[in-house]
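Me: I have a protein chain open on my screen and would like to learn how its descriptions are reached. Could you take me through the reasoning?

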Amino acid sequence: MKTLESMEQFETLKNDGKHIFLFTAGWCPDCRVIEPVLPDIESKYSEYEFVSVDRDDFIDLCIQMDVFGIPSFVAFENGKELGRFVSKNRKTQAEIENFIEGLA
């Protein structure tokens, strides 16, 4: 999974291709729970490029995107938001896959 390094990179990725941004943080226990299944999810949905966004490094982006709970997922295709799975609740692999499958 790619790691977001700058706001400029976010804008470039968001506007070019299909990306799913995972908002996370090192201290987040629910984020650690889903880490082992992320490679499987990435390979299953390879039409998307997955990008990890550290909430603490990009707090202004989180505010701008209305992401106040982590882990959260926001999907874009060529600048258009396809969907979001945003909450502070723990997420299962099945819930994450259902979210991705429901993207238009």
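Reply: Gladly! Keep in mind that this is a predicted model. Let's start with Leu103, whose relative accessibility is 12%.

Me: Why is Leu103 called buried?

Reply: Buried means under 20% relative accessible area. Leu103 has 12%, so it counts as buried.

Me: Where is Leu103, and which residues does it touch?

Reply: You will find Leu103 in the segment after α5 (93–101). Leaving out residues up to four places away in sequence, Leu103 touches Ile20, Tyr48, Ala75, Leu82 and Gly83. As for Cys62, 41 residues apart from Leu103 along the chain, the two C-alpha atoms are separated by 21 Å.

Me: How do you know whether Ser52 is buried or exposed?

Reply: We use the cut-offs again: under 20% is buried, over 50% is exposed. Ser52 has 16% relative accessibility, so it counts as buried. Ser52 sits in strand β3. Its contacts, apart from neighbours within four places in sequence, are Met1, Lys2, Thr3, Leu4, Leu22 and Thr24.

Me: What about the chain as a whole: how much of it is buried?

Reply: Of its 104 residues, 44% count as buried.

Me: What makes the chain agree with a compact globule?

Reply: Here we set a value against an expectation. A compact globule of 104 residues would have a radius of gyration near 13 Å, and the chain has 12 Å, so the two agree. Along its principal axes, the C-alpha trace spans about 30 × 30 × 20 Å.

Me: Which helices and strands make up the chain, and in what pattern?

Reply: There are five helices and five strands. Following the sequence, you meet them as β-α-β-α-α-β-α-β-β-α.

Me: What makes a group of residues a nonpolar core?

Reply: Its members are buried residues of certain kinds, Leu, Phe, Val and Met among them, joined through side-chain atoms within 4.5 Å. The largest such core here has 18 residues, and those with the most contacts inside it are Leu4, Phe10, Phe21, Phe23, Val53, Leu61 and Met65. At least two residues of this core come from each of α1 (7–15), β2 (18–24), β3 (49–54), α4 (59–64) and β4 (72–77). Another core, of 16 residues, lies apart from it and includes Ile41, Tyr45, Phe85 and Ile96.

Me: Which residues does Phe21 touch?

Reply: Beyond residues up to four places away in sequence, Phe21 touches Phe10, Leu13, Lys14, Val51, Val53, Ser72, Phe73, Val74 and Phe76.

Conventions. Residues numbered from 1 in each chain as written. Predicted model: local features only at pLDDT ≥ 70, side-chain atom pairs only at ≥ 80, totals over all residues. Heavy atoms only, no water. Helix = DSSP H or I, 4+ residues; strand = E, 2+ residues; numbered from the N terminus. Rg over C-alpha atoms; globule rule 2.2 N^0.38 Å. Buried < 20%, exposed > 50% of the residue type's maximum accessible area, 1.4 Å probe, protein only. Contact = heavy atoms within 4.5 Å.
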